[in-house]
Structure formats: structure tokens, C-alpha cells
Amino acid sequence: MGDVTEWVPRLHPDVGLQRVGDRLLAVSADDTLHTFEDEGGEVSEVAERILELVDGRRSVGDIVAVLCEEFEVEPAVCREDTLSFVRLLVHKQVLVLGP
């Protein structure tokens with residue numbers, strides 16, 4: 001599969017993504033509602049920012065670079081956390097990942 005950071009995440013074609021109030025929500029084809037919160041139940045700014053950066057052009061590595069500029073985070077930690085989150089959203093069929 002190669003270096004996943006070079007791959008480009010895209011919204012799954014059957015997913016709707018919309019901001020409602022102060023939260024970004026995604027609805028998948030099976031009508032599952034996905035919210036993006038931290039462990040405390042608060043809106044996760046980083047998770048929502050990752051989804052905002054998913055535009056079908058940026059690679060995972062590009063997204064990591066933007067996050068490192070915008071948030072105080074070590075690049076290696078950002079890379080691993082971003083990869084984990086993207087993989088989770090691929091598993092939940094919110095995103096698709098490809099070259």
C-alpha cells in the first residue's frame with residue numbers, strides 16, 4: 001500500500017457533511033450520525049479541522065503539515081494521530097483513501 005501519508009482522503013460519496021451550530025456533523029449512507037468530539041465530549045477542533053482540510057487534493061501528509069502549522073503539536077505525534085483518525089473514518093465509511 002506504500003506510504004499512506006502520500007494518499008489522498010476524500011469524503012465517501014454517500015456521506016453528507018454539514019456544520020450545524022458549532023459542530024461539524026457527518027451522516028453516512030446507513031444514516032449513522034457522526035460527531036467529532038474529544039474525550040470530554042467537547043468539539044474536537046483538530047478532528048473538525050482534518051475534515052475541513054479533506055478536499056480531494058491534499059494528501060494525508062499535506063494535512064499533517066497544515067495541522068503542525070496551526071496547532072502546537074510535535075510532527076511525529078500529529079502524523080500518527082492524523083493517520084489513526086483517517087483510518088477510523090475510512091473504517092466508518094466517512095472517508096475513502098486512495099492515491
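A salt bridge here is a side-chain nitrogen of Lys or Arg within 4 Å of a carboxyl oxygen of Asp or Glu. E70 and R49 make such a pair, with their closest N and O atoms 2.8 Å apart. This pair ties together distant parts of the chain, since E70 sits in helix α2 and R49 in helix α1, 21 residues apart.

Please keep in mind that you are looking at a predicted model. The chain has a mean pLDDT of 94, and 98% of its residues reach 70 or more. Among the elements, helix α2 (residues 60-70) has the highest confidence, at 98, while strand β4 (residues 33-35) has the lowest, at a mean of 94.

**Charged pairs**

The structure holds nine salt bridges, and three of them are set out below.

| Pair | Closest N to O distance |
|---|---|
| R49 and E70 | 2.8 Å |
| R57 and D55 | 3.2 Å |
| R49 and E52 | 3.4 Å |

R49 also belongs to a network of salt bridges that links R19, E48, R49, E52 and E70. Its partner E52 lies three residues away in helix α1, about one turn of the helix. How accessible are these side chains? R49 is partly exposed, with a relative accessible area of 23%. E52 is partly exposed at 40%, and E70 is partly exposed at 41%. In the R57 and D55 pair, R57 counts as exposed at 67% relative accessibility, whereas D55 is partly exposed at 27%.

**The nonpolar core**

The largest nonpolar core has 22 residues, and those touching the most other members are F36, L51, I63, L67, F85, L89 and L95. Two or more residues come from each of β3 (23-27), α1 (45-53), α2 and α3 (75-91). Nonpolar side chains tend to be buried together in soluble globular proteins.

Helix α2 shows how this works along one element. V60, I63, V64, V66 and L67 are its buried residues. Seen down the axis of α2, they fall within an arc of 165 degrees, so they line one face of the helix. They pack against β1 (8-11), α1, α3 and β5 (95-98).

**F36 and S44**

Beyond its neighbours up to four places away in sequence, F36 touches several residues, including L24, A47, L51, F85, L89 and S44. S44 lies in the loop between β4 and α1. Is S44 buried or exposed? S44 is buried because its relative accessible area is 14%, under the 20% cut-off. Its side chain reaches the backbone nitrogen of A47 at 3.1 Å. Leaving aside neighbours within four places in sequence, S44 is in contact with F36, E37 and D38.

Definitions and conventions: Residues numbered from 1 in each chain as written. Predicted model: local features only at pLDDT ≥ 70, side-chain atom pairs only at ≥ 80, totals over all residues. Heavy atoms only, no water. pLDDT = per-residue confidence, 0-100. Helix = DSSP H or I, 4+ residues; strand = E, 2+ residues; numbered from the N terminus. Core = buried A, V, L, I, M, F, W, Y, C linked by side-chain atoms within 4.5 Å. Buried < 20%, exposed > 50% of the residue type's maximum accessible area, 1.4 Å probe, protein only. Contact = heavy atoms within 4.5 Å. Polar contact = N/O pair within 3.5 Å; in protein donor to acceptor, adjacent residues only side chain to side chain. Arc of directions from axis to C-beta.
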